[in-house]
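Biologist: Got a minute to walk me through this one? I'd like the overall picture, then some side-chain detail.

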Amino acid sequence: MSGTSAKDAAAPPQAAQQNKAPQQENNAAAQGVQPVQQQERQLVRTANVDLRSDDVLKAIGQVKDRAAAVGGFAGEENSTKSSGSVTVRVPSAELDKVVRDLTSVGEVTRSEVRSDDVTDQLVDVEARIATQKASVERLRVLFERAGSTSEVAQVEQELTKRQADLESMQRRSASLKGQVAMATLTVRVATVPIAAPEPEKVGFFGALAGGWNALVSVVGVILIGVGAMLPFLVALGVPAALVVYLLRKRRRVTRMNEAA
């Protein structure tokens with residue numbers, strides 16, 4: 001044990017720092033991120049609701065009011081007198097309540113709530129951030145100890161790259177956390193019930209229907225192309241046919257003269 005201590009003491013500061021860096025990075029990652037099993041599940045929640053209302057603009061206004069009442073806010077909105085849609089962000093814990101309250105805004109014809117588990121993604125990003133932070137700090141120490149201009153330039157270039165990677169990971173983490181904290185609710189409103197999306201067809205008949213639709217589409221495209229070219233064919237074809245006719249007539253006359 002004493003021999004190992006002496007060897008560590010005799011090692012250059014930069015080498016000692018490099019030898020300790022992987023262990024420090026692993027410790028930082030272990031301390032900063034909990035195992036997936038110990039993490040509270042992180043869910044990105046979204047909902048889609050279709051409403052029927054005689055007053056579309058009023059209904060959309062009420063949807064935005066209900067979102068604001070629970071600490072949410074409105075995003076994209078498109079509306080006319082007969083139909084419209086609005087997307088709002090509400091706290092995830094309040095999403096179910098807001099969806100239930102929409103029954104007082106209009107007739108709910110369709111309601112869909114979805115949850116996507118992003119716990120693994122967040123744990124992975126946080127672990128990478130912890131490791132990258134330790135790596136950046138180690139490079140900063142090396143940058144301060146760099147002696148020559150070439151060493152300074154090399155360390156600075158690598159430090160800039162790792163710092164950019166760290167900031168990218170932090171933005172990714174913030175984006176995921178924002179999606180977890182605030183659920184997305186899209187409400188479509190119309191004066192008549194909105195038709196529900198057709199279920200996706202699978203199996204033989206689904207493939208047959210898909211093939212038939214593709215054939216109809218291809219034939220339609222061909223017919224459109226023929227229709228577009230028809231005026232040019234008529235305009236160019238008539239003179240061409242006349243020229244061919246005159247040439248053939250001339251050849252017949254020439255042959256008759258030679259035969260005579």
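Biologist: What percentage of the residues of the protein count as buried?
Modeller: Keep in mind that this is a predicted model. Of its 260 residues, 23% count as buried.

Biologist: And how many helices and strands are there?
Modeller: Seven helices and five strands. Starting at the N terminus, the order is α-α-β-α-β-β-α-β-α-α-β-α.

Biologist: What share of the contacts with a separation of 6 or more comes from residues 24 or more positions apart?
Modeller: That share is 81%.

Biologist: OK, on to the inside. Which residues touch the most other members of the largest nonpolar core?
Modeller: Val90, Leu102, Leu185 and Val187 do, in a core of 21 residues. Two or more residues each come from β1 (43-52), α3 (56-69), β3 (83-91), α4 (95-101) and β5 (182-190).

Biologist: Which element gives the largest share of this core?
Modeller: That's α3, with five residues.

Biologist: Let's zoom in on Leu185. What does it touch, leaving out residues up to four places away in sequence?
Modeller: Leu185 touches Ala47, Val49, Val86, Thr87, Val88, Leu95, Val98, Val99 and Leu102. There is also another core, apart from the one we've been discussing, with 13 residues. Val118, Leu122, Leu166 and Val180 are among them.

Biologist: Switching to charges. How many salt bridges does a search of the whole structure find?
Modeller: It finds 15. As background, oppositely charged side chains can pair when their charged atoms come close.

Biologist: Show me some. Which residue forms a salt bridge with Asp54?
Modeller: Arg52 does, and the closest N and O atoms are 3.0 Å apart. Arg52 also meets the side chain of Glu107 in a salt bridge, at 3.2 Å from N to O.

Biologist: Where in the chain do Glu107 and Arg52 sit?
Modeller: Glu107 is in strand β4 (residues 107-117) and Arg52 is in strand β1. They are 55 residues apart, so this pair links distant parts of the chain.

Biologist: Are those three buried or exposed?
Modeller: Asp54 is exposed, with a relative accessible area of 65%. Glu107 is partly exposed at 43%, and Arg52 is partly exposed at 22%. Arg52 misses the buried class because that class needs a value under 20%.

Biologist: What about Arg110, which residue does its side chain meet in a salt bridge?
Modeller: Glu112, with 3.2 Å from N to O. Glu112 counts as partly exposed at 38% relative accessibility, and Arg110 is partly exposed too, at 22%.

Biologist: Which residues are joined with them into one network?
Modeller: Asp50 and Arg188. Salt bridges that share partners join these with Arg110 and Glu112.

Biologist: Last topic, the outside. How much area does the protein expose?
Modeller: About 17,800 Å², and carbon and sulfur atoms supply 57% of it.

Biologist: Which residues make the nonpolar surface patch of about 730 Å²?
Modeller: Met229, Leu230, Phe232, Leu233, Val234, Leu236 and Val238 make that patch.

Biologist: Pick Leu230. Which helix does it lie in?
Modeller: Leu230 lies in helix α7, residues 203-259. Leu230 is partly exposed, with a relative accessible area of 46%. A patch residue needs over 30%, so Leu230 meets that cut-off.

Terms used: Residues are numbered from 1 along each chain as its sequence is written. This is a predicted model: local features need pLDDT of at least 70, side-chain atom pairs count only at pLDDT 80 or more; totals for chains, interfaces and linings use all residues. Side-chain values use heavy atoms; hydrogens and water are left out. A nonpolar core is a set of buried Ala, Val, Leu, Ile, Met, Phe, Trp, Tyr and Cys residues joined through side-chain atoms within 4.5 Å. Buried means under 20% relative accessible area, exposed over 50%, partly exposed in between (1.4 Å probe, protein chains only). Helices (H or I, at least four residues) and strands (E, at least two) are DSSP runs, numbered from the N terminus. Contact means heavy atoms within 4.5 Å. A salt bridge is a side-chain nitrogen of Lys or Arg within 4 Å of a carboxyl oxygen of Asp or Glu. Patches are made of residues with over 30% relative accessible area and no salt bridge: like charges are joined within 9 Å, nonpolar side chains (Val, Leu, Ile, Met, Phe, Trp, Tyr) within 5 Å. Accessible areas come from the Shrake-Rupley method with a 1.4 Å probe; for residues, only the protein chains shown count as cover.
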